[in-house]
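Work through the exercises below with the sequence and the 3D view open. Try each task before reading its solution.

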Amino acid sequence: MAMNWTRRLRIRQLEVLSSLADTCNLSHTADRLCMTQPALSKWLAELEGELGVPLFERHSRGLVPTRFGAAMAEHARIMLAEVERASQTMALMAEGADGHLSIGVTATVSTGLLPDSVALLLSRRPETRLSITESTLDQLLPPLLERRLDFVVTRLEGDAIDDRLRCTPVYSESIAVAAPPAHPLAGRRGLTWADLDGCGWVVPPKGNPLRRELDAEFALAGQPAPRYRVEAVGILMLVAMMQRASLLTALSRRALDYFQAAGQLVALDLPTRRQGMVGILRHRDAPDTTLHRDFHAALLEAAGAAGVTTRNRIAGRPASK
């Protein structure tokens, strides 16, 4: 396979490859990129000729990427993301920033670990700029794989960890069932999972790690999973719905600590058996700059400090200053 084509590859051509893989249609890509279809067809044929392999199979209904085409499109997306990030970094540095990080976070850690680690980082690097996206893990993984995100901080599951990602486990914790303070079960001691029969719920979407662990707890207790009334993404929306409609939900212990301290939610006194893992995901080929290492260290430090606070709270002792 000749490799001279790499020296002539331009950003515009990366955009063409990425668009072709997205649309699987010459006409749609030509319209999107303001090209003529004959020019696009000629360019694709010439690239395939230089590579010596087919990138797409032609069918009457459009194009289907070959394994070569899928690999090229993935590299194209990564390179385009790097170019965009470089442009953003230069613009921010021109404004006085000392660097930029893009972070994805799930609701599990959005109220505790991430704010604490960001506070630590900014206390040491006040000119750092951060872009933070809260979503579900399935929505955060594609931009992480394309290196449009530097980190994803989330509750982990083995089947969700792609081979292209590095995973750093941070701490383990069980889930808790949360209720608004006025809920009929709030404050009752020695509840069983059977006592939740007939309660209304608002939960994360199907496939979410917390949702799966909640279903597993019901199964381990020999109870069928309830019919969940509402599915919601975004912890503030979830908490607001709980309070207005007297609904239950599943939260990580540390997330619930935050809302319990604010008087917004309480933990139901239920036995749990499963332990989940919270961790940090990064692309294996991501850069390892001083800023990346500083944020990684801040995450681990914040997790350790929160663990001390939680242990002291359970033991009835004040956290050490």
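**Exercise 1: The surroundings of threonine 106**

Leaving aside neighbours within four places in sequence, threonine 106 is in contact with Ser135, Thr136, Leu137, Leu140, Val153, Thr154 and Arg155. The model used here is a predicted one.

Task: Find where threonine 106 lies, decide whether threonine 106 counts as buried or exposed, and find which side chain joins that of threonine 106 in a polar contact of 3.2 Å.

Solution.
- Step 1. Threonine 106 sits in the loop between β3 (99-105) and α6 (113-124).
- Step 2. A residue is buried when its relative accessible area is under 20%. Threonine 106 has 6% relative accessibility, so it counts as buried.
- Step 3. The partner is threonine 154: a polar contact of 3.2 Å joins the two side chains. Threonine 154 is also one of the contacts listed at the start.

**Exercise 2: The sheet of five strands**

Task: Give the order of the strands in the open sheet of five, and say which strands stand at its edges.

Solution.
- Step 1. The order is β4-β3-β5-β12-β6, and the pairing is mixed.
- Step 2. β4 (128-134) and β6 stand at the edges; each has a single partner strand, so one side of each has no neighbour in the sheet.
- Step 3. On average, neighbouring strands of this sheet are turned by 20 degrees against each other, direction ignored.
- Step 4. Look at one pair in detail. β6 and β12 pair in the antiparallel sense over eight bridges. Within this pairing, threonine 168 stands opposite isoleucine 280 in β12.

**Exercise 3: The sheet of three strands and its helix**

Task: Describe the open sheet of three strands and say which helix lies across β7 and β10.

Solution.
- Step 1. The strand order is β10-β7-β11, with antiparallel pairing.
- Step 2. β10 (249-252) and β11 (266-267) are the edge strands; each has a single partner strand, so one side of each is left without a neighbour in the sheet.
- Step 3. Strand β7 (residues 175-179) is joined to β11 by two bridges. Alanine 179 has valine 266 in β11 as its bridge partner.
- Step 4. The helix is α8 (residues 209-220), which runs at about 90 degrees to β7.

**Exercise 4: A residue of helix α8**

Task: Decide whether phenylalanine 218 counts as buried or exposed, and list its contacts beyond four places in sequence.

Solution.
- Step 1. Phenylalanine 218 belongs to helix α8.
- Step 2. Its relative accessibility is 3%, so phenylalanine 218 counts as buried.
- Step 3. Leaving aside neighbours within four places in sequence, phenylalanine 218 is in contact with Trp193, Leu196, Trp201, Gln223, Pro224, Ala225, Pro226 and Tyr228.
- Step 4. Now compare sequence and space. Phenylalanine 218 and alanine 194 are 24 residues apart along the chain, and 8.7 Å separates their C-alpha atoms.

**Exercise 5: The hairpin and the loop before β1**

Task: State how β1 and β2 pair, then examine valine 53.

Solution.
- Step 1. Strand β1 (residues 56-59) pairs with strand β2 (residues 62-65) in the antiparallel sense, over four bridges.
- Step 2. The connection from β1 to β2 is a hairpin through two residues. Phenylalanine 56 stands opposite proline 65 in β2.
- Step 3. Valine 53 is in the loop between α4 (37-51) and β1. With 14% relative accessibility, valine 53 counts as buried.
- Step 4. Between the C-alpha atoms of valine 53 and phenylalanine 68 the separation is 7.2 Å, while the two are 15 residues apart along the chain.

**Exercise 6: The nonpolar cores**

Task: How many residues has the largest nonpolar core, and which element gives the most to this core?

Solution.
- Step 1. The largest nonpolar core has 20 residues. Leu101, Val109, Leu113, Leu114, Val153, Tyr171 and Phe295 have the most contacts inside it.
- Step 2. At least two residues of this core come from each of β3, α6, β5 (151-156), β6 (165-173), β12 (276-283) and α11 (290-315).
- Step 3. α11 gives the most, with six residues.
- Step 4. A second, separate core has 19 residues, including Leu20, Leu26, Ala30 and Met72.
- Step 5. Take valine 109 as an example. Not counting residues up to four places away in sequence, valine 109 touches Leu114, Pro115, Val153, Thr154, Tyr171 and Val278.

Note on methods:
Residues numbered from 1 in each chain as written. Predicted model: local features only at pLDDT ≥ 70, side-chain atom pairs only at ≥ 80, totals over all residues. Heavy atoms only, no water. Pairing = 2+ DSSP bridges. Contact = heavy atoms within 4.5 Å. Axes fitted to C-alpha atoms, helices over the stretch in contact; angles between N-to-C directions. Buried < 20%, exposed > 50% of the residue type's maximum accessible area, 1.4 Å probe, protein only. Polar contact = N/O pair within 3.5 Å; in protein donor to acceptor, adjacent residues only side chain to side chain. Core = buried A, V, L, I, M, F, W, Y, C linked by side-chain atoms within 4.5 Å.
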